[in-house]
Amino acid sequence: MTESELTVILENRYKITFPKGYIHFALTFNELDKNLKDLQVHHVCPRCCGGGDEDENLVRITFHHHRKLHQLVLSTPGLSDEQRTKLKFAYKKMQKG
């Protein structure tokens, strides 16, 4: 799936426009990390924003990349205070696999 295709799917499904580069990095990290061990699952559209467990919404990445994506997604415009709080909580709770 291309960045453009995933962007359209996520914007249509969840009505969220993610920060520039976020989807690029999610797909790049998924590809870079695919043969590594101890991968974590990251929801491209976070569950607190309505994201589900559909294949196109999941990437498997290293702990380091997972934390980077959470930092990026926090810059998404239009998130509610509750969504930001939940994303920050998830970020703080992350543990190395």
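A residue counts as buried under 20% relative accessible area, as exposed over 50%, and as partly exposed in between. Keep that in mind for Glu54: its relative accessibility is 31%, so Glu54 counts as partly exposed. The structure you're looking at is a predicted model. Let's go through its salt bridges and then its largest pocket.

**The Arg13 network**

- The count of salt bridges here comes to 4.
- One of them pairs Arg13 with Glu54, and their closest N and O atoms sit 4.0 Å apart.
- Arg13 belongs to helix H1 (residues 3–14), while Glu54 is in the loop between E1 and strand E2 (58–61), so this pair ties together parts that are 41 residues apart in sequence.
- Arg13 also forms a salt bridge with Glu56, and here the closest N and O atoms are 2.7 Å apart.
- That pair links distant parts of the chain too: Glu56 is in the loop between E1 and E2, Arg13 is in helix H1, and 43 residues separate them.
- How open are these residues? Arg13 has 40% relative accessibility, so Arg13 counts as partly exposed.
- Glu56 comes in at 23% relative accessibility, so Glu56 counts as partly exposed as well.

**A salt bridge within helix H4**

- Glu82 and Lys86 bring their side chains together in a salt bridge, at 3.1 Å from N to O.
- Both residues lie in helix H4, and they're 4 residues apart, which is about one turn of the helix.
- Glu82 has a relative accessible area of 52%, so Glu82 is exposed.
- Lys86, at 42% relative accessibility, counts as partly exposed.
- Back to the other group for a moment: salt bridges with shared partners join Arg13, Glu54 and Glu56 into one network.

**The largest pocket**

- The largest pocket has a volume of about 250 Å³.
- Which elements give two or more residues to its lining? They are strand E1 (40–43), helix H3 (63–73) and helix H4 (81–93).
- Among the lining residues are Val41, His42 and His43, along with Pro46, Arg47 and Cys48.
- The lining also includes His66, His70, Lys86, Leu87, Ala90 and Met94.
- Sorted by type, the lining residues of this pocket split into 6 nonpolar, 4 polar and 2 charged.
- Lys86 turns up in two places: Lys86 helps line the largest pocket, and Lys86 is also the salt-bridge partner of Glu82.

Note on methods
Residues numbered from 1 in each chain as written. Predicted model: local features only at pLDDT ≥ 70, side-chain atom pairs only at ≥ 80, totals over all residues. Heavy atoms only, no water. 1 Å grid on protein atoms, 1.4 Å probe; cavity = no way out; pocket = protein on both sides within 12 Å on 5 of 7 lines; lining within 4 Å. Points joined across faces, edges and corners; volume = space filled by probe spheres on them. Nonpolar A, V, L, I, M, F, W, Y, C, P; charged D, E, K, R; others polar. Buried < 20%, exposed > 50% of the residue type's maximum accessible area, 1.4 Å probe, protein only.
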